[in-house]
Every structure is written in C-alpha cells, then in structure tokens.
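Please show me the chain we are to discuss, and let us then go through it by question and answer.

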Amino acid sequence: MWEKEPINIYHCLFVRVHSSLVNKKDNTPSASAFTNTPKNSDNLSSDWCKYATCESTRQLTAKISHPKGGYKNPSDYYVWRFSIVELIKVYVLQRIEHDPIHNSPEIDGEPNNRAHTKIVGDKPDNQAEFRVQIKRAGSWAIAP
C-alpha cells in the first residue's frame, strides 16, 4: 500500500484527454476535457510526474474498464501536461491531492496507480476564456 504524500507544486500532472475532446480547428483540448469526472463528483483524476510519465499515463488506460465492455483503448487518448504552479493559477480554489490507488489483489478494470492524484473542486463549464487559461497552464505531452 502506498502512503499519500504532499505534492511538490513545482512538479507536473498528466491528464488523459479522449480524442473526442480535442478541438479540431487548433488541436487544443476542449475545456470539457478538464471537468470533474464523473460530472457529479468533486474531482478530476490525474497522474503525478513523480511516479508517472506521459506514456505510462496513456498506457494505463488499457487496464481501465470501458463502459461498453472490455477495456479502454490507449490510442484513443492523448495526454495533457499541467504545470502544478500554473494549474493552481487557472483553477482557483482547487486542491491537488495525491490519492494512490492500491488494491491487493488488483481489481480487474480498476488498476493500481501510485501516481493517481486528484484535482479537487468545482470546474467551470466550457467557456472560451477558460480554454485560453488552460492553454497557458499546460501543453500536450502526447499530442494529436
């Protein structure tokens, strides 16, 4: 079992972005890519760079259950890299919490993930200004 650790604000977080949430005009993620998931929850999942790379974040998708059966396809996802310092500026009133997932044995469809981190707090709806701020706070680690 992994202990929760304080997050270094000078590190980064990786967030998976489904290909359907990419703006086709400029290849940027839509603001809805960074809303709480599921929408009625209080957080957005991410991976802390202390324990993950952009590629490991993407590949872990292959172990997550797909709602229609089987597992999600990593090639359907890109990875956005957030600077935590910049993220805190954009997501006012957000908390970044290390939240490692560990089950023994591992639950099929819900992989263990030492890097799992939550961005906790309400997120704005899909707004143009918010998209501009998101672009300032991060960039593609694995781009479309």
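The exchange below goes from the overall fold to one histidine.

This is a predicted model, in which local features need pLDDT of at least 70 and side-chain atom pairs count only at pLDDT 80 or more, while totals for chains, interfaces and linings use all residues. Residues are numbered from 1 along each chain as its sequence is written, and side-chain values use heavy atoms, with hydrogens and water left out.

Reader: In what order do the elements of the protein chain run from the N terminus on?
Author: The protein chain has 3 helices and 8 strands, taken as DSSP runs (H or I, at least four residues, for helices; E, at least two, for strands) and numbered from the N terminus. Their order is β-β-β-β-α-β-α-β-β-α-β.

Reader: Is H116 buried or exposed?
Author: H116 lies in strand 7, which covers residues 116-120. Buried means under 20% relative accessible area, exposed over 50% and partly exposed in between, with a 1.4 Å probe and protein chains only. Because its relative accessibility is 10%, H116 counts as buried.

Reader: Which backbone oxygen does the side chain of H116 reach?
Author: Leaving aside residues up to four places away in sequence, H116 touches S45, S46, D47, H98, D99, P100 and I101, where contact means heavy atoms within 4.5 Å. At 2.8 Å, the side chain of H116 reaches the backbone oxygen of D99.

Reader: What share of the 144 residues in the protein chain is buried?
Author: The burial of H116, at 10% relative accessibility, can be set beside the figure for the whole chain. Of the 144 residues in the protein chain, the buried ones make up 42%.

Terms used
Polar contact = N/O pair within 3.5 Å; in protein donor to acceptor, adjacent residues only side chain to side chain.
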